[in-house]
Amino acid sequence: MRIATIGGGPGGLYASLLLKRSSPELDVTVFEKNPRGATYGWGVVFSDRTLTSFREADYRSYVDITEDFVIWDAIDIRYKGELVRAGGQVFSGIARRKLLDILIERCIAVGVTVRFETEVVSADLGDCDLVIAADGIHSGTRESRATVFKPRIREGRARYIWFGTTLALDSFTFIFRANDHGLFQVHAYPFDGTTSTFIVECSEQTWRNAGLHEASETESIAYCEKLFAEDLRGNPLMSNQSKWISFPTLRTKTWIDSSAGVVPTALLGDSAHTAHFSIGSGTKLAMEDAIALVNAFEDRDAAQGDPAALRAALADYQMERKPIVERFQEAAKQSQSYFESTSRYQDLEPEQFVFHLLTRSGRMDYGDLRQRDPYLIEHVDRTFAARSGGPEDAVVAPPPVLVPFDLGDVRLDNRVVLSPVFAGTSVDGVLAGPDREALVSALGAAAGLVLTDEIAVSAHGRVTPGDVGLYDDVQTQAFRGLLQRADRVAARLNHAGPRGATKPRATGLDRPLDSGAWPLVAASPVAYGHNATPAELDARTRAEIREDFTTAARNAERAGFDAVVVEMGRGYLLGNFLSPLTNLRDDELGGEARARMRFPLEVFDAVRAAFGGPVGASICADDWQRGGARPDDAVALVDELHTRGCRLVEVTAGYTTPRFRPHLDPFYLTVLSEQIRNECGVPTLIGGGITTTDRINTLLGGARADLCILRRDP
Ligand SMILES: Cc1cc2nc3c(=O)[nH]c(=O)nc-3n(C[C@H](O)[C@H](O)[C@H](O)COP(=O)(O)OP(=O)(O)OC[C@H]3O[C@@H](n4cnc5c(N)ncnc54)[C@H](O)[C@@H]3O)c2cc1C
């Protein structure tokens, strides 16, 4: 059986080596267009976990690689003139050139033919049984069959350039330096005793401000050497055809082509996928792809030349590896977006900044860091507590989740919020049945704050007939009886707008009532899913609804609520006004963002005037729908709310219309929350499936939110 590998990078070489070693009868040839030793780049980083899989795959190359390693166990972060070291982070570095040399030698030793200075296209390889296309990010194989592989490339928003330096570092080092042009960051790591990789990155704007878009290689070096003179300590930056580029993240729909009439082909490494360099994993991914491909070969006995076995092996390879790589790409995306917006975090204190940086991709959390470097986490705890009024030099400080929070002048004992979900078992708007039990259970659970589910401000503002309300005395007294013995409770006041008059949630979301429906109102006559088409809100009803919110806020105060949150998201009436998808008005309440905010802000002001305690708002920070409101709209809204005395913003997303496309990654709210919190200076609350206090500590410690809704098992 003949196998041709296009590309003599780490992925192609390792796959060829492992295949030949596993099945010596295979005829394996690597074609590399460049001469031997002509490689770009400097060093490659591996984590200790990656090395375990290399040891199992081929012990000889593992020994050769690890013998050449530079190993370190710390990450240094230089920020605002301070150096913070995070210990317990074991990584190893090796020169890319050295790694390739080891793999080439090993390929030759096991009998792989390696042909340098031989550029091939897959069409030249018709006499082979399998083509492994390991021809890198610019893969000609992939592009020539783009209709099969369906690649998608997304260019990053930042610019970076890859240098080497003779500065011998002893840790993975991040450096952040600002000048008049903007903020620059460096990702630097050692890879032999005398040289380190030194990647400089900045935003597109900073790059242009500095004139680097017009600079030659020499001018770029001179600029960076001057900017980082203190860090480089007299060492020069070295170039290797270095250019400023944007990082291309590549995803491909399929990695294999087994169609009739072509030689079966598998993409591998950078030709199939890329992941931002800040999690240092491109080479690791390529080599792990190689391991998976060879394992699939062995499992299916594909080396015997049976075409069906080969097809099955390729399918296994893709099924095994693709989901793993996609998870990696998700983490890399978080890391990349962090580095694309670091200027947002410039106001953070050094320890907060460092904690945020280390937990950016979600692969490490508070608990992991505590294990790796307890001293660092104690420092994080102490400074977090001190910022909230604790002593600066406390011997012992609580973790962030247990640090009190001042919601206006209401002190919460801890940062956990419980928000029981109501099923719609109230009677005539009076809390009753399982909904009452759910609230009672939350009240007894020692959370910092209990935030109710939606409480209707009028009978016509209910979502379902079983919704609780605060529009009459009986409802108010029912709450009062409960809250007399409770600690900290906030009422979420809502008018359902176009999502009203539906059946109980247990029968499914947004299913219109068969009978007894009440008339619906909205910004514009746009139906929510299968609901009836609402009437466009007129001036009289608008005044009535504002009055309903005022009355409900007064009732909330009489009932003993400590705070009120005005619902402005989830597709309900106020959120419906804010989105361009649902507000199509051409009067003073529609049109550009500021006009769309007018009515929701009027309501907010009315509630503020009626309620003596702190008032917050729940907002939709991203409609997740083409043409909908985006995070920048949310920032503008929260800026307005801030000037009106808003004390807390609950950040949600989606549901403005039922046609939104949910983001399923675990960070979806975190990213929005930290943008709002750090740009607008208003404390934020997030939920979205947070089930552990470890996760809450990670979010709070990294200044991503101030309060978190903990989801408890029912
Ligand atoms: C700034 C930066 C920093 C990085 N840092 C790290 C890091 O710290 N750690 C890490 O693991 N990874 C890192 N990477 C990623 C790493 O460089 C790649 O992900 C890795 O080399 C992928 O290996 P590969 O074998 O798939 O592709 P490549 O290494 O790109 O190899 C592809 C090979 O195919 C050859 N080729 C292409 N077309 C043909 C053809 N038609 N015929 C013959 N030969 C052909 C090319 O010459 C090349 O040698 C970094 C990348 C960047 C940009």
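Begin at the ligand of this predicted model, and select the shell of residues around the ligand, which by class has eleven nonpolar, 14 polar and six charged members. Of the 31 residues in this shell, those that come nearest to the ligand are Gly7, Gly9, Gly269, Gly282 and Thr283. Now colour the elements that give two or more residues to the shell, namely α1 (10–22), β3 (43–47) and α10 (282–300); among these, α10 gives the most, with four residues.

**The whole protein**

Zoom out next, until the complete chain is in view. The protein has 22 helices and 28 strands, and its radius of gyration is 29 Å, close to the 27 Å that the globule rule gives for 714 residues, so the protein is as compact as a globular protein of that length. Along the principal axes, the C-alpha trace spans about 85 × 60 × 50 Å.

**Domains**

To colour by domain, take 1–42, 50–67, 95–151 and 251–337 together as domain 1, then 344–399 as domain 2 and 402–710 as domain 3. If you place a marker at the C-alpha centre of domain 2 and another at that of domain 3, the two lie 31 Å apart. Where these domains meet, 17 residues of domain 2 are in contact with 16 residues of domain 3. On the domain 2 side, the elements that give two or more residues to the touching surface are α12 (350–358), α13 (366–372) and α14 (374–387), and the residues of that side divide into nine nonpolar, six polar and two charged.

**The open sheet**

Show the strands as a cartoon and select β6, β2, β1, β7, β16 and β15, which in this order form an open sheet of six strands with mixed pairing. At the edges stand β6 (113–115) and β15 (256–257), each with a single partner strand, so one side of each is left without a neighbour in the sheet. Follow β15 to β16 (residues 265–267), with which β15 pairs in the antiparallel sense over two bridges; here isoleucine 256 stands opposite alanine 266 in β16.

**Around β10**

Move on to β10 (residues 172–179), which runs parallel to β4 (residues 70–79) and is joined to β4 by four bridges. With side chains shown, look for aspartate 76, whose bridge partner in β10 is threonine 173. From β10, continue to β11 (residues 182–190), which runs antiparallel to β10 and is joined to it by seven bridges. The connection between β10 and β11 is a hairpin through two residues, and asparagine 179 stands opposite glycine 182 in β11.

**The barrel**

For the last stop, select β19, β20, β21, β24, β25, β26, β27 and β28, eight strands that run in this order around a closed barrel with parallel pairing. From one strand to the next, the twist averages 30°. Within the barrel, centre the view on β27 (residues 684–690) and β28 (residues 707–710), which run parallel and are joined by three bridges, with isoleucine 686 standing opposite cysteine 708 in β28. Finally, add helix α20 (residues 631–643), which lies across β25 (615–620) and β26 (649–652), and turn the view until the helix and β25 can be compared, since α20 runs at about 170° to β25.

Conventions
Residues numbered from 1 in each chain as written. Predicted model: local features only at pLDDT ≥ 70, side-chain atom pairs only at ≥ 80, totals over all residues. Pairing = 2+ DSSP bridges. Axes fitted to C-alpha atoms, helices over the stretch in contact; angles between N-to-C directions. Contact = placed C-beta atoms within 7 Å. Near = placed C-beta within 6 Å. Nonpolar A, V, L, I, M, F, W, Y, C, P; charged D, E, K, R; others polar. Domains from an automatic or database assignment. Rg over C-alpha atoms; globule rule 2.2 N^0.38 Å.
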